[in-house]
Amino acid sequence: MSEAALEEVSVLSSIYCGGGEFQLLQQSAQDGLMVQINSTVGGERRLDVSLLFHLHPSYPSCPPAISVSSTVLSRTQCHNIRQKLLDQAAALPPEEPMVHQLVEWMQEQCVEVTDGCRGAEEDVKKEREKEEEWTAVLSLDHIRSRNRYISLLERWTQQLQLTGRLLLGRSILVILQGDRANIKEFCRLLKTVKVDVDSSGKKCKERMMKVLIERPCSSSCGHGLQGFAVKNYESLAELTAAFQEINMAEIYQQILPSLSD
């Protein structure tokens with residue numbers, strides 16, 4: 001991890017010092033740095049945009065990986081902003097820190113992206129109605145650092161506009177509902193961010209995570225999970241009841257053979 005990257009992150013934390021503006025999500029010599037900057041853009045139409053920058057260990061020799069999310073912009077608009085940021089990053093001088101420049105550029109140029117769409121809120125609503133909601137059930141290998149792990153899972157569901165349940169017992173299951181691309185991003189974060197500790201107490205990633213099922217929501221697979229909740233269970237009967245409570249009995253029957261392995 002370069003000194004330039006560490007210095008830039010320190011400067012960013014000073015610049016974006018408002019409540020919830022800046023978060024350092026990861027820092028390791030092996031995987032680099034991951035920072036999130038939440039910004040409000042759009043001139044008179046104030047729009048919240050969240051930028052996730054993954055600074056690889058060789059940064060700034062290579063540009064950062066970038067993710068864009070928003071509670072008010074559509075997936076297409078977020079994709080367009082991300083692509084413009086990647087193009088801008090490629091055009092900036094190499095070997096120089098660039099995150100702050102990219103955020104400033106986004107704050108200026110995002111007005112064009114959003115104001116260029118009259119009635120954007122209505123367009124977003126229509127687009128989201130077309131976007132199919134998915135349900136996924138993930139199996140986790142272990143949770144040793146419970147508070148940190150659960151805190152990260154809850155934060156990611158909020159950032160990615162997902163709802164879900166964490167079921168803790170003989171099997172550790174995460175139930176997610178929301179946009180399929182965001183569920184995939186959740187899974188990517190699980191495998192790339194050090195979320196837990198191993199048996200020796202060393203920080204580790206969730207490399208043993210398995211996707212037990214992933215499918216579009218239907219009338220028979222449950223709808224309307226609220227927020228992110230944690231539930232403990234002690235028996236198979238209690239696990240069965242937990243799925244029945246959220247109208248996912250059919251999904252439970254489909255994943256049951258995997259839980260018996």
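Mentor: A residue counts as buried when its relative accessible area is under 20%, and as exposed when that area is over 50%. The structure discussed here is a predicted model.

Trainee: What percentage of the residues of the chain count as buried?

Mentor: The cut-off for burial is a relative accessible area under 20%. Applied to the 261 residues of the chain, it gives a buried share of 46%.

Trainee: How many helices and how many strands are there in the chain?

Mentor: The elements are numbered from the N terminus. In the chain, the counts are 8 helices and 11 strands.

Trainee: What is the order of the strands in the open sheet?

Mentor: The open sheet has 5 strands, and their pairing is mixed. Its edge strands, each of which pairs on one side only, are strand 10 (210-216) and strand 11 (228-232). From one strand to the next, the twist averages 15°. The order of the strands is 10-5-7-6-11.

Trainee: Which helix packs on this sheet and touches strand 5, strand 7 and strand 10?

Mentor: Strand 5 (residues 133-140) and strand 7 (residues 172-179) run antiparallel and are joined by 8 bridges. Within this pair, Ser 139 has Leu 173 of strand 7 opposite. The packed element spans residues 180-192, and its direction makes about 145° with that of strand 7; it is helix 6.

Trainee: Why is strand 6 described as largely enclosed by the rest of the structure?

Mentor: On one side of strand 6, Thr 163, Arg 165 and Leu 167 are buried, and on the other side Gly 164, Leu 166 and Leu 168 are buried as well. Both faces of the strand are thus covered. Strand 6 is largely enclosed because the number of its residues that are buried is 6 of the 6.

Trainee: With which strand does strand 6 pair in the parallel sense?

Mentor: Strand 6 pairs with strand 7 in the antiparallel sense over 5 bridges, and Thr 163 stands opposite Gln 177 there. A hairpin of 3 residues joins these strands. In another pairing, Arg 165 stands opposite Ala 229. That pairing is parallel, has 5 bridges, and is made with strand 11.

Trainee: Is Ser 171 buried or exposed?

Mentor: Ser 171 lies in the loop between strand 6 (163-168) and strand 7. Beyond its neighbours within four places in sequence, Ser 171 is in contact with Tyr 233 and Leu 259. Its relative accessibility is 16%, and the cut-off is 20%, so Ser 171 counts as buried.

Trainee: At what angle do helix 7 and helix 8 pack?

Mentor: The axes of helix 7 (residues 236-245) and helix 8 (residues 249-259) are 9 Å apart. Among the residues making the contact are Leu 239 and Phe 243 of helix 7, and Tyr 252 and Ile 255 of helix 8. The crossing is right-handed. The packing angle is about 145°.

Trainee: Within what arc do the buried residues of helix 2 fall?

Mentor: In helix 2, the buried residues are Gln 77, Cys 78, Ile 81, Leu 85 and Ala 89. Seen down the helix axis, they line one face, because they fall within an arc of 115°.

Trainee: Which residues are exposed on the other side of helix 2?

Mentor: An α-helix has 3.6 residues a turn, so residues three or four places apart point the same way. On the side of helix 2 away from the buried residues, the exposed ones are Ala 90 and Ala 91.

Trainee: How far apart are the end C-alpha atoms of helix 2?

Mentor: Helix 2 has 17 residues, 75-91. At 1.5 Å a residue, the helix should span 24 Å. The separation of its end C-alpha atoms agrees with this, at 24 Å.

Trainee: How many residues of strand 3 are buried?

Mentor: Strand 3 (residues 47-55) pairs with strand 4 (residues 65-69) in the antiparallel sense over 5 bridges. Leu 52 has Ser 67 of strand 4 as its bridge partner. Strand 3 is largely enclosed by the rest of the structure, because the buried share of its residues is 8 of the 9.

Trainee: How far apart in space are Glu 7 and Pro 97, C-alpha to C-alpha?

Mentor: Glu 7 belongs to helix 1 (residues 3-15) and is exposed, with a relative accessible area of 56%. In sequence, Glu 7 and Pro 97 are 90 residues apart. In space, their C-alpha separation is 9.2 Å.

Notes: Residues are numbered from 1 along each chain as its sequence is written. This is a predicted model: local features need pLDDT of at least 70, side-chain atom pairs count only at pLDDT 80 or more; totals for chains, interfaces and linings use all residues. Side-chain values use heavy atoms; hydrogens and water are left out. Helices (H or I, at least four residues) and strands (E, at least two) are DSSP runs, numbered from the N terminus. The expected span of a helix is 1.5 Å times one less than its number of residues. Buried means under 20% relative accessible area, exposed over 50%, partly exposed in between (1.4 Å probe, protein chains only). The arc is that of the directions from the helix axis to the C-beta atoms. Two strands pair if DSSP finds at least two bridges between them. Axes are lines fitted to C-alpha atoms, for helices over the stretch in contact, and angles run from 0 to 180 degrees between N-to-C directions. Contact means heavy atoms within 4.5 Å. A crossing is left-handed if the near helix is turned anticlockwise from the far one by less than a right angle, and right-handed if clockwise.
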